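Subject: Structure for you to look over

Dear colleague,

I am handing over the structure below, and after it you will find an account of what was found in it. Please read the account with the structure open beside you.

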Amino acid sequence: MTPQENDLHPPGSALHQRPQSKADLFVSFSILALQGFGGVLAIVQRELVEKKQWLTQEEFLEDWAVAQILPGPNVVNLSLMIGDRYFGFAGALAALAGMLAFPLVIVLALAIVFGGIADTAAAQGALRGMGAVAAGLIAATGIKLISSLKRNVMGLAVCWAFAVVSFIAIALLRLPLAWVLLGVGGLACVWAYRQLDSTKPAEGSP
């Protein structure tokens, strides 16, 4: 690989496409944000992995996990990470502006319109319907990402075990998310670190 080609890809990542400029970041995330009514995760995965190929499936899963545990909206965190990865602080700002500019205008306009009809039966029914669609989109994306766990360093069985424990803790036991992240997430990080550490001698052996 030439030095010019190496500059196109972040260190340690698989070869794939990348945003061409900060303007490309802004436009891409603006389009992405305008599509994300009720279920942005599904749109983000399809746009960044399948269409633009800025991330592999595994990279998306790892980056989304980091965005998930950071304060603030997940997709905003992800846009900042991707923008910073390719164009530094200016790229992070460009991606963030793309995520927020047009949706902010639309949300303000809808808030003004919705304020007068919020209590009507039709409006309440529409919100319940959109909630169901959003849940379906998130579930579908989660199922699509399961295939990436086959290559996870922790092993598929262990990944499933942590997923089940997390579901029970949050959905059934109603434990605070922060405690689940610190407890189950901390155990998962320790296990992954041990697995990575155990593979080092094998990788270094002739």
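Helices here are DSSP runs of H or I with at least four residues, numbered from the N terminus, and tryptophan 179 is found in the one called helix H8. Please keep in mind throughout that this is a predicted model.

**Overall layout**

The protein chain has eight helices and zero strands, so that the order of elements from the N terminus on reads α-α-α-α-α-α-α-α. Of its 206 residues, 30% are buried, and among the contacts with a separation of 6 or more, 58% are between residues 24 or more positions apart. The chain exposes about 12800 Å², of which carbon and sulfur atoms supply 71%.

One pairing of positions distant in sequence involves alanine 97, which is found in helix H5 (residues 74–114) and is partly exposed, with a relative accessible area of 32%. The C-alpha atom of alanine 97 is separated by 6.5 Å from that of phenylalanine 26, although the two are 71 residues apart along the chain.

**Salt bridges**

The count of salt bridges comes to two, and each of them includes an acidic residue that is buried.

In the first that I describe, the side chains of lysine 51 and glutamate 47 meet at 3.4 Å, N to O. Because these two residues are four apart in helix H3, they are separated by about one helical turn. Lysine 51 is exposed, with a relative accessible area of 54%, whereas glutamate 47 has a relative accessible area of 9% and, since that is under 20%, counts as buried. Leaving aside neighbours within four places in sequence, glutamate 47 is in contact with Leu32, Gln35, Lys52 and Gln53.

In the other salt bridge, the side chains of aspartate 63 and arginine 85 meet at 2.9 Å, N to O. Aspartate 63 lies in helix H4 and arginine 85 in helix H5, so this pair ties together parts that are 22 residues apart in sequence. Aspartate 63 is buried at 10% relative accessibility, while arginine 85 is partly exposed at 32%. Apart from neighbours within four places in sequence, aspartate 63 has contacts with Leu55, Leu78, Met81 and Arg85, so that its salt-bridge partner is also on its contact list.

**Two residues with positive phi**

Most residues other than glycine have a negative phi, and two positions in this model are worth a look in that light. Glutamine 53, which is not a glycine, has a positive phi of about 60 degrees; this residue lies in the loop between H3 and H4 and, at 40% relative accessibility, counts as partly exposed. Glutamine 53 is also one of the residues in contact with glutamate 47. The other position is arginine 174, where phi is near 55 degrees; arginine 174 is found in the loop between H7 and H8 and is exposed, with a relative accessible area of 66%.

**The largest pocket**

Which helices supply the lining of the largest pocket, each with at least two residues? They are helix H4 (57–69), helix H6 (121–145), H7 and helix H8 (177–204). The volume of this pocket is about 1800 Å³, and of the 40 residues that line it, those closest to its centre are Leu61, Ala65, Gln68, Ala163 and Ser166. The largest share of the lining, 10 residues, comes from H8.

**A nonpolar surface patch and tryptophan 179**

On the surface, Leu156, Trp160, Val164, Phe167, Ile168, Leu172, Leu173 and Leu175 form a nonpolar patch, with about 760 Å² of accessible area together. One of its members, isoleucine 168, is found in helix H7 (residues 156–172) and counts as partly exposed at 36% relative accessibility.

Tryptophan 179, in helix H8, is exposed, with a relative accessible area of 61%. Its C-alpha atom is separated by 9.4 Å from that of alanine 169, and these two residues are 10 apart along the chain.

With best regards

Note on methods: Residues are numbered from 1 along each chain as its sequence is written. This is a predicted model: local features need pLDDT of at least 70, side-chain atom pairs count only at pLDDT 80 or more; totals for chains, interfaces and linings use all residues. Side-chain values use heavy atoms; hydrogens and water are left out. Patches are made of residues with over 30% relative accessible area and no salt bridge: like charges are joined within 9 Å, nonpolar side chains (Val, Leu, Ile, Met, Phe, Trp, Tyr) within 5 Å. Accessible areas come from the Shrake-Rupley method with a 1.4 Å probe; for residues, only the protein chains shown count as cover. A salt bridge is a side-chain nitrogen of Lys or Arg within 4 Å of a carboxyl oxygen of Asp or Glu. Buried means under 20% relative accessible area, exposed over 50%, partly exposed in between (1.4 Å probe, protein chains only). Contact means heavy atoms within 4.5 Å. On a 1 Å grid over the protein atoms alone, a cavity is a set of points where a 1.4 Å probe fits but cannot get out, and a pocket is an open set with protein on both sides within 12 Å along at least five of seven lines; lining residues have an atom within 4 Å of a point. Grid points are joined across faces, edges and corners, and a volume is the space filled by probe spheres set on the points.
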